[in-house]
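Thanks for passing this one along. My comments are below as numbered points, with the model shown just before them.

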Amino acid sequence: MSCRCVDIARCQRDLDVLRGQAAPCARRANDSCTHIDTALSNAASSVGKAIETASIAELQSQLGKLGKQEHKAVWELDNGCVSEATRIAASISQMRTEDAAYHRSVAEAQAKAAAVARAQAQAQALAQAEAQAKAAMGKWQSR
Ligand SMILES: [Zn+2]
C-alpha cells in the first residue's frame, strides 16, 4: 500500500486525451467508413452496363472487399479506444481505493502519535504537580 496520487494524475491525463481526442477521432472515422461502404456499394451497383457482366461482378466484389477491410480496421481502432479507456478508468478506480486506504492509515498513525504525545505531556504535568505538592507538604511539616 502506497501513495498513488502521481500515478492517478498520470492515468487521468492519459484517459482525458483518449476520451477527448483519440476516441472521438476513431468514432468519426468509423462513422465515415459506414458512408464510404454505402458509397462503394452504390458505385458498384451503378457501374454502366457497357462493361461485361463478368467484369461488373468482379468490380463489385473488389469494391465490397476493399470497403470491408477498411471498415474492419477502423472499427477495431474505435473499439480499441473504448476498451482502453475502460481499462484505464478501472485502473484509476483501483488506485484511488489503494491511495485512500494509504492516506487513511497515515492520518490514523498521525492521530495515534498525537494522542501519545498528549498523554506524555499530561503525565509530565502530573509528575510536576506531585513534586510541587510534596515540596509544599515538606515545608508545612517542617514548620
Ligand atoms: Zn496519495
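Is lysine 134 buried, partly exposed or exposed? Point 2 has the answer.

1. A word on the model first. It is a predicted one: local features need pLDDT of at least 70 and side-chain atom pairs count only at pLDDT 80 or more, while totals for chains, interfaces and linings use all residues. Residues are numbered from 1 along each chain as its sequence is written, and side-chain values use heavy atoms, with hydrogens and water left out.

2. Lysine 134 comes out as exposed, at 56% relative accessibility. (The cut-offs: buried is under 20% relative accessible area, exposed is over 50%, and partly exposed is in between, using a 1.4 Å probe and protein chains only.) Its salt-bridge partner is glutamate 130, with the closest N and O atoms 3.7 Å apart. Glutamate 130 is partly exposed, at 47%. The two are four residues apart in helix H2 (residues 53-141), so about one helical turn separates them. Helices here are DSSP runs (H or I, at least four residues), numbered from the N terminus.

3. Helix H1 (residues 5-45) has a pair with that kind of spacing: aspartate 31 and arginine 27 are four residues apart, or about one helical turn. Their side chains meet in a salt bridge at 3.5 Å, N to O. Aspartate 31 is partly exposed at 36% relative accessibility, and arginine 27 is partly exposed too, at 41%.

4. How many salt bridges does a search of the whole structure find? The count is eight, where a salt bridge means a side-chain nitrogen of Lys or Arg within 4 Å of a carboxyl oxygen of Asp or Glu. Have a look at the network that links Arg4, Asp7, Arg10 and Glu98. Within it, arginine 4 and aspartate 7 meet at 3.0 Å, N to O, and aspartate 7 is partly exposed at 25% relative accessibility.

5. Now the metal. The zinc ion is coordinated by Cys3 (SG), Cys5 (SG), Asp99 (OD) and His103 (NE2), at 2.0 to 2.4 Å. Donors are N, O and S atoms within 2.8 Å of the metal (3.2 Å for Na, K and Ca), and sites may look incomplete because water is not among the atoms. Along the sequence, the donor residues follow the spacing C-x1-C-x93-D-x3-H.

6. Which geometry does the zinc site have? It is tetrahedral, with angles of 103 to 115° among the four donor atoms; four donors earn that label if all angles lie between 85 and 135 degrees. The ideal tetrahedral angle is 109.5 degrees.

7. Last, the helix H2 donors. Aspartate 99 and histidine 103 are four residues apart there, about one turn of the helix. Aspartate 99 is buried at 9% relative accessibility, whereas histidine 103 is partly exposed at 34%.

Note on methods:
Four donors count as tetrahedral if all angles lie between 85 and 135 degrees; four count as square planar and six as octahedral if opposite donors are over 155 degrees apart and all others between 65 and 115; anything else is irregular.
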